[in-house]
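Trainee: Please take me closely through one part of this model, and then set that part beside the rest. I should like each term to be explained when it is used.

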Amino acid sequence: MLDIEGPQSSHRLTARYDELLAPVTSKDNDPNFYRASATYTNLDERFRAAKRTYERQYAQLYFSRLMLLKEIMQGRVQQLWPGIPVCSILEVQESMEVAVIGTIYKNMKLKPSILDEYSKDRGLKAALGASNFCSDNDSLVLEDEGARMVLSTPSALTAAGTSSSAGADEPLNVQELVTGAVVAVRGVHEAGGDFMVSAVCFPGMAPNPHPPPGTALVPQQISAVAADAAPGDKYIALASGLCLGGSKVDMLKIQLAFDFLTGNLGSPVEQQLSAQIVRLVIAGGCIGQLEALVGAGVGGSASGNVYNRQAQGAALQPVRDLDLLLAEVSAGMPVDLMPGAEDPANVALPQQPMHRCLLPASGMHGSFVRATNPHEFESDGVRFLGCSGQNIDDMAKYCSIRDRLDLMERLLTYRHMAPTAPDTLTCYPFHDKDPFILETTPHVYFVGNQPEFATRLVAGSSSSSLPAGQLVRLVAVPSFARTGTIVLVNLRTLACHPVLFDGSLGL
């Protein structure tokens, strides 16, 4: 791929590994490396909640989302469909072409429901075993602040609908949309029937008023992003899915990665690279078995005593291991820790930082940051935004898009990080705001705990929903327990490349 930094030269590679075969030298002759530093601003304030009450209904969250995005959608309609009047659902007249703005609700026959547990035809367990709940019988309903209407499309347009993340004028594709997305539809309401959609548009990617430093020429020369890194470049390391305590955990592989990050592994070439890493961000998935923490000692010990100290100590061991690992790394570099789906934190998004009592050793370091999920920060003028993967994993179950980068780009096009919340993804019932709305597009958007590493550089142009001259780096961070991979993002060029660790002997 053109936008991934590769080996710099075969000569340097040879020199790198010849260094490991050289005789041991005196410590006086060892080169000294000093870790680079970068400015850091934590932008998690909108995701933090001082006091939470769950007495409100979720309908207000959908209403706030629609109201906050409605003005943006009106501007998109005027831009794409000049001369087409915009009206509410109650104002739609028969046989008149109009544009309507609303929130999508997707009727899915295969979508799991708690009521299916008591159904004789299909049990809940069988439904949850599926990885995708789309079917040919799915249908769409558009809802605004006053009413609902069923959306239909001619069979010719349905067949022609293709995957598109540009956010511009395109046919209505039922299988690619998800519940909660705010869209504008253009069409005609048939007499006594449905609203026949001829085109649909999304809010489009939000502008970013602050271009990242050092990338002014990249939109004209995209291939330049793949150029070799300069000696003074700085990197942000992204990792996820350590799965401590899980069945697939490899502590040797984790220790190798952390030794590399702290500069205690490899030749001077690797140590120089590790010295250029200014921050490590762990995007959730640190604990492999949350059930063991919740039910420590319940039915799992010989005595069956819920207060069995030995059982509880064994269940809490992954948390202690995590604390020691983070304390080791935090002593040498800044670390941001985000909670994930199986980590000891609240389940509803946005997840609040893991409690300080769980991480006493690492919490003593000022370089350790207990972040929220989602997590937003800025380093040397580059804006990062990331999630631990729940939003992408949930969205993949309810639409036909399989590529994780396409899903990430589609979320940016929706200007929303979690459109399926609260329908199928649990979240807090906000009533006066929606913190998941993207007011600006980040320079780097990453999602953790993905099946494999993938990246894409989205460049703005006149034909895309991203304003011309802007760049967005999409990064799917793989689970470390499954792949042994961390990702380094260059703050100057936004280029990124994976670093693989393997503790096996290749036997």
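Mentor: What follows begins with the model itself and then turns to helix 11 and its surroundings.

This is a predicted model, in which local features need pLDDT of at least 70 and side-chain atom pairs count only at pLDDT 80 or more, while totals for chains, interfaces and linings use all residues. Residues are numbered from 1 along each chain as its sequence is written, and side-chain values use heavy atoms, with hydrogens and water left out. The mean pLDDT (the predictor's confidence in each residue, from 0 to 100) is 84 for the protein, and 78% of its residues reach 70 or more. In residues 7-15 the pLDDT is below 50, and this stretch has 4 contacts (heavy atoms within 4.5 Å) beyond near neighbours in sequence. Residues 217-227 are likewise below 50, with 16 such contacts. Where pLDDT is low, the predicted coordinates should not be read in detail.

Let us now consider helix 11. Helices here are DSSP runs (H or I) of at least four residues, strands are DSSP runs (E) of at least two, and both are numbered from the N terminus. Helix 11 covers residues 404-414. One of its residues is Glu409, whose side chain meets that of Arg456 in a salt bridge of 2.9 Å, N to O. A salt bridge is a side-chain nitrogen of Lys or Arg within 4 Å of a carboxyl oxygen of Asp or Glu. Arg456 lies in strand 14, so the pair ties together parts that are 47 residues apart in sequence. Glu409 counts as buried because its relative accessibility is 11%; buried means under 20% relative accessible area, exposed over 50% and partly exposed in between, with a 1.4 Å probe and protein chains only.

Arg456 has a further partner, Asp403, and that salt bridge spans 3.6 Å, N to O. Here the chain is linked across 53 residues, from strand 14 (residues 454-459) to the loop between helix 10 (390-397) and helix 11. Arg456 is partly exposed, since its relative accessible area is 24%, and Asp403 is partly exposed at 35%. Side chains of opposite charge can pair when their charged atoms come close.

Helix 11 has a nonpolar side to its story as well. The largest nonpolar core has 55 residues, and those with the most contacts inside it are Val100, Leu151, Val185, Phe195 and Tyr445. Helix 11 gives the most to this core, with 6 residues. A nonpolar core is a set of buried Ala, Val, Leu, Ile, Met, Phe, Trp, Tyr and Cys residues joined through side-chain atoms within 4.5 Å. Leaving aside residues up to four places away in sequence, Tyr445 touches several residues, among them Met408, Leu411 and Leu412. A second, separate core holds 31 residues, including Phe258, Ile287, Leu359 and Phe501.

Next comes the loop between helix 11 and strand 13 (444-450), where Pro422 is placed. A cis peptide bond joins Ala421 and Pro422, with omega about 10°. Arg415 lies in this loop too, and its phi is near 60°, a positive value in a residue other than glycine. Arg415 counts as buried because its relative accessibility is 11%. Most residues other than glycine have a negative phi, and most peptide bonds are trans. The side chain of Asp423 makes a polar contact of 3.3 Å with the side chain of Lys111. A polar contact is a pair of N or O atoms within 3.5 Å; within protein, one must be able to donate a hydrogen and the other to accept it, and residues adjacent in sequence count only if both atoms are side-chain atoms. Lys111 is in the loop between strand 2 (97-107) and helix 3 (124-128).

Finally, let us set this part beside the rest. The whole structure contains 16 salt bridges. Elsewhere, Arg46, Glu376, Glu378 and Arg383 are linked in a network of them; within it, the closest N and O atoms of Glu376 and Arg383 are 3.3 Å apart, and both of these residues are buried. Another cis peptide bond joins Leu349 and Pro350, with omega about -5°.
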